Every structure is written in C-alpha cells, then in structure tokens.
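Thanks for making the time this morning. I would like to walk through one model with you, going from the overall layout to the core, and then to a helix pair and a few single residues.

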Amino acid sequence: MKSMLPNAADIAYFLEVAQTLSISRAAERLGITQPSLSLAIQRLEYSLGVSLLNRLKSGVQLSSHGQRFVQQAQKLTFEWERIKTETLKLSEEIR
C-alpha cells in the first residue's frame, strides 16, 4: 500500500520531464543532475504505485498513467498558486 505523499518538487520535476520528454534536457533546465531527477521520478512513481514514463532510447514518453497524472498535477499546481496568492492577500489585508 502506497501512502507516502509526493514531494512538491518531485511533481514539478515530473511536469518538466513531461514537457520536454527528456530526462537529460529537463535536468538541465531545472539545474539539477540527471541522477537526481531520475530519483525524483522514481520516488513519485513509487508513491503512486504506477509507472508514469516509458523509457526509450530516444528519451521518454508518458505512460497512460503519466498522461492522466500530468493533467491532475497541473491542476494541483495551479490551485496551490491560487491558495498562496489568496493567503498573501489576506495577510496583507490584516496588516
């Protein structure tokens, strides 16, 4: 049973891989090492209990689970940014 919550950075890293379809290019854009990025993706896959990527010689492609997760992770990221903005507005109104 996978109950570990995924790390926010791991989700952001996965979204970059999903956009570039390349672990090496995503690592370069994120400013981290390729092994660190691969480990982050593995942690995310472990916490979900599914494979998000199909690894190919030419890069990666999203698995069906990965395609679905991208959509949900983008919504989550958008909602988190909205929550942060609303919270900051509230704290400034209190001052």
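The protein has four helices and two strands, and, reading from the N terminus, these elements follow the order α-α-α-β-β-α. Please keep in mind throughout that this is a predicted model. Taken along the principal axes, the C-alpha atoms fill a box of roughly 55 × 35 × 20 Å, and of the 95 residues, 29% count as buried. If we take the contacts with a separation of 6 or more, 48% of them are accounted for by residues 24 or more positions apart.

Let me turn to the interior. The largest nonpolar core has 18 residues, and F14, V17, L37, L53 and F69 are those with the most contacts inside it. Helices α1, α2 (23-30), α3 (34-48) and α4, together with strand β2 (59-62), each supply at least two residues of this core. Which element gives the largest share? That is α1, from which five residues come. As for V17, once its neighbours within four places in sequence are left aside, this residue is in contact with S22, I23, A26, L37, I41, L53 and V60.

Next, the pairing of α1 with α4. The axes of α1, which covers residues 8-20, and α4 come within 10 Å and cross at roughly 125°; the two helices are therefore oblique to each other, and their crossing is left-handed. On the α1 side the contact is made by I11, F14, L15 and A18, which meet G66, F69, V70, A73, Q74, L76 and T77 in α4. The residues of this contact divide into eight nonpolar, three polar and no charged. F14 and F69 thus appear on both lists, here in the contact between the helices and earlier among the residues with the most contacts inside the core.

Finally, two further residues of α4. Q72 lies in this helix, which spans residues 64-94. Is Q72 buried, partly exposed or exposed? Its relative accessible area is 33%, so Q72 is partly exposed, because that value falls between the 20% and 50% limits. From Q72 to T87, 15 residues away in sequence, the distance in space is 22 Å, C-alpha to C-alpha. E86 also lies in α4, and with a relative accessibility of 39% E86 likewise counts as partly exposed. The C-alpha atoms of E86 and P35 are separated by 36 Å, the two residues being 51 apart along the chain.

Definitions and conventions:
Residues numbered from 1 in each chain as written. Predicted model: local features only at pLDDT ≥ 70, side-chain atom pairs only at ≥ 80, totals over all residues. Heavy atoms only, no water. Buried < 20%, exposed > 50% of the residue type's maximum accessible area, 1.4 Å probe, protein only. Axes fitted to C-alpha atoms, helices over the stretch in contact; angles between N-to-C directions. Parallel < 35°, antiparallel > 145°, perpendicular 65-115°, else oblique. Left-handed = near helix turned anticlockwise from the far one by under 90°. Contact = heavy atoms within 4.5 Å. Nonpolar A, V, L, I, M, F, W, Y, C, P; charged D, E, K, R; others polar. Core = buried A, V, L, I, M, F, W, Y, C linked by side-chain atoms within 4.5 Å.
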